[in-house]
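This briefing sets out the fold, the nonpolar cores, the internal cavity and selected buried residues of one protein. Please read it alongside the sequence and the structure shown here.

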Amino acid sequence: MFTNITIGKYIYKESIIHKIHPIIKIIMLLFIIFLSLISSYKENIILLAYVLLISILTKINIKTYLKNIYGLRYLIISILFINLIFNVSVLNSINSIEKLIIIFIYSSILMYTTTINEINLAFNKLLSPLKRLTFDVDNISLILTISIKFITTIFEEVDILFKAFKSRGYKFNGSVKDRINKVKNFLSTLFYLLLKKSDDIGTILEIKNYNLKKIVKRNKRKIKIKEYLILVINIILLIIIKKVV
């Protein structure tokens, strides 16, 4: 059911995108999200083409990204169905789907080209100004990183659980009341499994004596000037495209 979605897994390749500093990639992701949300459907077509070009530069098989998009088919159908109920125009529906695909693909690019430790360190660096306000930045960045990693875990657990229910002849049919009860049983079991998985992750981190401060000291990779240039050029290029279109 959800085996097509592989977001959250690092895929090693010798590409220019893999070598870019994770902070630059996260900033670009935030900018892409913001730009897609304020753009029209025509502008988002150009933005989608841009994101697909970046995905090609990762040297990761384009089929991997297409499988992820295919895995969203039920969500896309749900969006179309809801928009149909509320009499949303076709163009606005297309724009909503474009936004979803753009954000999902670029998030996939970040996950595929950046290790979990790199993402953790990037969040820690980006949130470092909050230390002056006595925020525990180390824990916040760790929570954000685990949350991202948990996306894959959720899809995997749903798929395993769905197959387990199916193998026992469990079907989601019958009266409305029966269906609600079956879905409730499925979700409660899923919630229990996810809680157990999160508890296991916490135990593993405790056993390994995970200390982010030590990792930060060992990995003080600085952002290069050319990486700043890549960020600025890409942002300017996208702003120009938005104005022209």
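**Briefing on the helices, cores and cavity**

Tyr-106 touches Lys-25, Met-28, Leu-29, Ile-32, Val-51 and Ile-54, leaving out residues up to four places away in sequence. The model is a predicted one. Tyr-106 is also among the residues with the most contacts inside the largest nonpolar core, which is described below together with the overall fold, a cavity and three individual residues.

**Overall fold**

- The protein contains 11 helices and zero strands.
- Read from the N terminus, the order of elements is α-α-α-α-α-α-α-α-α-α-α.
- The protein has 245 residues, and 36% of them count as buried.
- Of the contacts between residues at least 6 apart in sequence, 79% join residues at least 24 apart.

**Nonpolar cores**

- The largest nonpolar core comprises 37 residues, and those with the most contacts inside it are Ile-32, Tyr-50, Val-51, Ile-105, Tyr-106, Ile-109 and Leu-238.
- At least two residues of this core come from each of helix 2 (22-38), helix 3 (41-57), helix 4 (62-70), helix 5 (73-85), helix 6 (90-113), helix 7 (116-126) and helix 11 (225-244).
- Helix 6 provides the largest share of this core, with 10 residues.
- A second core, separate from the largest one, has six residues, including Val-158, Leu-161, Phe-165 and Leu-194.

**Cavity**

- One cavity of 30 Å³ or more is found when the whole structure is searched.
- The volume of the largest cavity is about 60 Å³.
- Its lining consists of Leu-35, Ser-39, Glu-43, Ile-46, Leu-47, Leu-238, Ile-241 and Lys-242.
- Helix 3 and helix 11 are the elements that give two or more residues to this lining.
- Sorted by class, the lining of the largest cavity has five nonpolar, one polar and two charged residues.
- Leu-238 belongs to the lining of the largest cavity and is also listed among the residues with the most contacts inside the largest nonpolar core.

**Leu-110**

- Leu-110 is located in helix 6.
- Leu-110 counts as buried because its relative accessibility is 6%, with under 20% as the cut-off.
- Apart from neighbours within four places in sequence, Leu-110 is in contact with Lys-25, Ile-26 and Leu-29.
- A distance of 9.6 Å separates the C-alpha atoms of Leu-110 and Met-28, which are 82 residues apart along the chain.
- Lys-25 and Leu-29 are contacted by Leu-110, and Lys-25 and Leu-29 are touched by Tyr-106 as well.

**Asn-234**

- Asn-234 is part of helix 11.
- Asn-234 is classed as buried because its relative accessible area is 15%.
- The side chain of Asn-234 reaches the backbone oxygen of Ile-230 at 2.6 Å.
- Apart from neighbours within four places in sequence, Asn-234 is in contact with Met-28 and Tyr-50.
- Met-28 is thus a residue in contact with Asn-234, and Met-28 is touched by Tyr-106 too.

**Asp-138**

- Asp-138 is placed in helix 8 (residues 137-167).
- Asp-138 is buried, since its relative accessible area is 14%.
- The C-alpha atoms of Asp-138 and Asn-120 are 8.8 Å from each other, and these two residues are 18 residues apart along the chain.

Notes. Residues numbered from 1 in each chain as written. Predicted model: local features only at pLDDT ≥ 70, side-chain atom pairs only at ≥ 80, totals over all residues. Heavy atoms only, no water. Core = buried A, V, L, I, M, F, W, Y, C linked by side-chain atoms within 4.5 Å. Buried < 20%, exposed > 50% of the residue type's maximum accessible area, 1.4 Å probe, protein only. Helix = DSSP H or I, 4+ residues; strand = E, 2+ residues; numbered from the N terminus. Contact = heavy atoms within 4.5 Å. 1 Å grid on protein atoms, 1.4 Å probe; cavity = no way out; pocket = protein on both sides within 12 Å on 5 of 7 lines; lining within 4 Å. Points joined across faces, edges and corners; volume = space filled by probe spheres on them. Nonpolar A, V, L, I, M, F, W, Y, C, P; charged D, E, K, R; others polar. Polar contact = N/O pair within 3.5 Å; in protein donor to acceptor, adjacent residues only side chain to side chain.
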